[in-house]
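Colleague: Could you take one part of this model and go through it closely, and then set it against the rest of the chain? I would like a connected account rather than a list.

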Amino acid sequence: MQSGNKFYITLIGRTNVGKSTLFNRLTNSRSALSFDRPGVTRDLKEQNISINGKNVTLIDTPGMFDYNECDNKPELINTINKKLNSVIKSSDLIIFVIDGNIGLTPNDLEISRKLRKSGKNVVLTINKCEKELVSTYSEALSLGFPETLQISAEHGNGIDELYECLDKFIPDEYKNIDTEEQNEAEIIKLAVIGRPNVGKSTIVNKLIKEEKQLVSDFAGLTRESSFSDFEFENRIIRIIDTPGIRRKSRINDILEKISVSNSRKSYKRADVVILMIDASMLECGEIEKQDLILASDVIKDGKTLVIAFNKYDKTPYKKNANPEFLKYNFSKSLSQLKDVPFMFVSALNNENIIELLRMALNTLDKQKRKIKTSDLNDWLFEINKSDVLQSGSASFRLKYITQIGNNPLSFLIFVKNKGEMRKDHQRFIANNFKQYFDISGITVNIIFKESNIRKK
């Protein structure tokens with residue numbers, strides 16, 4: 001969160017009171033993971049919404065003070081509480097959510113004391129009130145917050161009243177303002193994926209220059225995909241931090257299965273994907289099978305891929321190294337990887353992070369490139385004169401080329417006597433094409449088709 005030209009409304013409450021369900025209701029989405037188990041939300045999630053024509057940013061947060069639901073990990077508890085204290089301080093308005101079925105708890109009382117001490121405007125919201133709960137409402141009034149409402153986030157009861165209440169606290173200056181929202185087509189969606197504990201959240205925090213994502217030295221901390229927009233070199237980037245993806249055979253918990261499924265859906269919506277690999281786990285340059293599977297899935301989905309070997313500082317490699325054996329192992333393990341660019345980084349030490357982002361964007365630009373048909377056929381004319389294609393054994397001829405897609409770049413070449421082409425001819429044509437148009441380091445699909453083109 002960064003204060004300034006935005007009005008922030010934050011959902012605060014203990015675990016499992018329905019904050020994420022309310023977030024989804026107010027944003028008219030299912031972006032927050034809602035599951036009937038305490039402690040599901042661990043990261044901040046934010047989304048721009050309109051309340052009676054006023055533009056605000058809504059924040060979903062982890063539960064406060066529920067130590068048992070943090071697996072009794074002191075580091076995680078301290079990290080979450082530190083983040084919550086910071087987000088309360090930065091908020092303009094708080095929606096304090098309690099569970100109407102359970103009533104006030106000691107944690108609710110502690111939260112109310114913290115919120116009163118903060119001096120922020122607070123709307124106390126009693127959730128899960130599918131029917132009127134008189135006793136809980138009386139208890140809630142004893143907390144002393146002037147605005148107290150009964151709602152059901154799941155069923156939508158009382159949401160209109162909540163909107164009206166929130167509207168009173170939002171200054172008119174936020175009504176019908178230019179929110180500078182970019183056309184969705186102009187926003188570059190960048191997903192960061194990988195196995196658990198490879199440093200995805202750390203690298204996201206470095207790129208957005210904000211400690212938004214929780215970071216700790218144990219696997220499975222991130223459970224939901226989260227989105228953050230930032231500007232880089234006059235471009236709007238929407239970075240997507242995703243939960244760690246393990247092999248399906250190792251996932252027994254239903255919540256982790258849902259998290260992994262959401263993670264895969266998130267990167268399928270991205271334009272470019274950074275696959276993070278723990279460089280400290282490399283042995284003789286061999287890539288783990290699970291990482292290869294992830295890379296293959298991204299390529300099959302037609303996404304631009306770059307690979308970040310994180311924690312290089314725990315290896316004998318230098319940060320600007322580009323080892324040939326890694327390229328060899330890429331192509332040996334998965335032929336589609338031979339053209340995928342990679343970089344050694346240290347997210348923790350903020351080394352090569354900006355360079356990695358530039359690499360991802362440059363690779364995407366290449367994949368989205370549209371080449372004029374006239375330029376393509378100028379190249380075709382020249383390559384037809386090459387010694388390789390003019391040798392006595394080559395009785396085919398390239399007749400015409402056209403671009404049929406991008407991301408990945410795809411081209412169709414019509415060939416006379418296509419049956420005479422060999423695999424080495426096709427490799428030569430593909431390599432020459434990349435060199436001619438300066439598009440090395442990306443996947444290019446060239447399809448060869450028997451020509452039915454006849455000269456009149």
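Modeller: A residue is called buried here when its relative accessible area is under 20%, exposed when that value is over 50%, and partly exposed in between. The model is a predicted one, and the part I would look at closely is Leu 26, which lies in helix α1, residues 19–27. With a relative accessible area of 5%, Leu 26 falls under that 20% cut-off and is therefore buried. Once the neighbours within four places in sequence are set aside, the residues in contact with Leu 26 are Ile 49, Leu 58, Ile 95, Ile 159, Leu 162 and Tyr 163. Of these partners, Tyr 163 is 137 residues away from Leu 26 along the chain, yet the C-alpha atoms of the two are separated by 8.8 Å.

That pairing can be set beside the figures for the chain, where, among contacts between residues at least 6 apart in sequence, 70% join residues at least 24 apart. Buried residues make up 53% of the 456 residues, and the chain contains 13 helices and 15 strands. Its accessible surface comes to about 22,200 Å², with 45% of that belonging to carbon and sulfur atoms.

Elsewhere, helix α6 (residues 200–208) packs against helix α10 (residues 353–367) with the axes 10 Å apart and at an angle of about 90 degrees, which makes α6 roughly perpendicular to α10. In this packing, Ile 203, Lys 206 and Leu 207 of α6 meet Ile 353, Leu 356 and Leu 357 of α10, and by class the contact has five nonpolar residues, one charged residue and no polar ones.

Helix α8, residues 289–300, allows a check on geometry, because its twelve residues, at 1.5 Å a residue, should span 16 Å, and its end C-alpha atoms are indeed 16 Å apart. Among the buried residues of α8 are Leu 292, Leu 294, Val 298 and Ile 299, and just after this helix Gly 302 takes a positive phi of about 75 degrees.

Most residues other than glycine have a negative phi, so two further positions deserve a mention. Glu 233, in the loop between β8 (226–232) and β9 (235–241), has a positive phi of about 50 degrees although it is not a glycine, and it is partly exposed, with a relative accessible area of 46%. Asn 350, in the loop between β12 (342–344) and α10, likewise is not a glycine and has a positive phi of about 60 degrees, and with a relative accessible area of 45% it is partly exposed.

Conventions. Residues are numbered from 1 along each chain as its sequence is written. This is a predicted model: local features need pLDDT of at least 70, side-chain atom pairs count only at pLDDT 80 or more; totals for chains, interfaces and linings use all residues. Side-chain values use heavy atoms; hydrogens and water are left out. Helices (H or I, at least four residues) and strands (E, at least two) are DSSP runs, numbered from the N terminus. Buried means under 20% relative accessible area, exposed over 50%, partly exposed in between (1.4 Å probe, protein chains only). Contact means heavy atoms within 4.5 Å. Axes are lines fitted to C-alpha atoms, for helices over the stretch in contact, and angles run from 0 to 180 degrees between N-to-C directions. Angles under 35 degrees count as roughly parallel, over 145 as roughly antiparallel, 65 to 115 as roughly perpendicular and the rest as oblique. Ala, Val, Leu, Ile, Met, Phe, Trp, Tyr, Cys and Pro count as nonpolar, Asp, Glu, Lys and Arg as charged, and the others, Gly among them, as polar. The expected span of a helix is 1.5 Å times one less than its number of residues. Accessible areas come from the Shrake-Rupley method with a 1.4 Å probe; for residues, only the protein chains shown count as cover.
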